[in-house]
Amino acid sequence: MTLHRSIPPQPSPMVLVTDGVAVAQSVGRLLAGAKYSVSVIVPGALERARPMLALMGRFAAVAKSGVTVRLLCTPQVLAVPHGVLAAARGGQLGFDVRVTDADLHGTVIVDGKAAFGRSGPERDGRYATVNTDLASVRALYLMFAGVWGSAMPVHEHLRLAERLRSDSMRVILERLSEGHTDDVAAKKIQISLRTYRRHVATIMRDVGASSRFQAGVRAVELGLLTPSGSELVD
């Protein structure tokens, strides 16, 4: 028994982040021991997001057991057919989802004690493994909490997307991204200057922009508006 205790735990094997079976096995083992919380970051790159998206049912099952589950994803991943968006609209998730434009590496943190995520110094993050080093996991959790606090709840994201995709808002966003003055833009789209400025203030507040030009760019970054030709530039 003494000899057994003196042997340090063996590190989990590294797996390719695009290997759906290996990712499911590694994350599944973590989820099986979840008692309090599960924090999930879905990778921004679609190829790497697919294995994590395939685990939505498992995350939902953990949430149903009483564990707090929170998931962060990018607008691009949110829009994947039959993925997070479809489940959210159908009320099938059972856990909180927020949307961020930050391109983060895929990570699953369980109870603040263990995490599955990128391993090694490689910049492209091809491999991942389970990490049980408390200091490292704590740092990952604090990063997650920081991004979560500034991310947009999925239902608010959908509401805002619907509003900004209206013809009138699209035209105003195009004028903003082109850098027109309020007076010129209002005349171009044939509305009063007062009405134009009211719409602009609403857009800037909703997308968290500090300037008129930034509002147009932010709408594209958040996936709330698709660039039309060369008018909207990321």
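**Exercise 1.** Among the elements of the protein, which has the lowest mean pLDDT and which the highest?

*Solution.* The model is predicted, and confidence is therefore examined by element, pLDDT being the predictor's confidence in each residue. Helix 1 (residues 2–6) has the lowest mean, 41, and strand 5 (residues 107–110) the highest, 96. For the protein, the average pLDDT is 80, and 82% of the residues score at least 70.

**Exercise 2.** Determine how many contacts beyond four places in sequence the model has for residues 1–10.

*Solution.* Throughout residues 1–10 the pLDDT stays under 50, and the number of such contacts is zero. Residues 229–234 also have a pLDDT below 50, but this stretch has 16 contacts in the model beyond near neighbours in sequence.

**Exercise 3.** Describe the largest nonpolar core and identify the residues with the most contacts inside it.

*Solution.* This core has 42 residues, and those with the most contacts inside it are V38, V42, F59, L71, F95, V108 and F116. Its largest share, six residues, is contributed by helix 2 (residues 20–32). Another core lies apart from it, with 18 residues, including M152, L164, A186 and A209. Returning to V42, its partners, with residues up to four places away in sequence not counted, are A49, M52, L53, L71, L72, C73, V77 and L104.

**Exercise 4.** Compare the span of helix 9 with the expected value, then list its buried residues.

*Solution.* Helix 9 (residues 167–178) contains 12 residues and reaches 17 Å from its first C-alpha to its last, close to the 16 Å expected at 1.5 Å a residue. Buried in this helix are M169, I172, L173, E174, R175, L176 and S177. After helix 9 comes G179, with a positive phi near 85°.

Terms used
Residues are numbered from 1 along each chain as its sequence is written. This is a predicted model: local features need pLDDT of at least 70, side-chain atom pairs count only at pLDDT 80 or more; totals for chains, interfaces and linings use all residues. Side-chain values use heavy atoms; hydrogens and water are left out. A nonpolar core is a set of buried Ala, Val, Leu, Ile, Met, Phe, Trp, Tyr and Cys residues joined through side-chain atoms within 4.5 Å. Buried means under 20% relative accessible area, exposed over 50%, partly exposed in between (1.4 Å probe, protein chains only). Helices (H or I, at least four residues) and strands (E, at least two) are DSSP runs, numbered from the N terminus. Contact means heavy atoms within 4.5 Å. The expected span of a helix is 1.5 Å times one less than its number of residues. pLDDT is the predictor's confidence in each residue, from 0 to 100.
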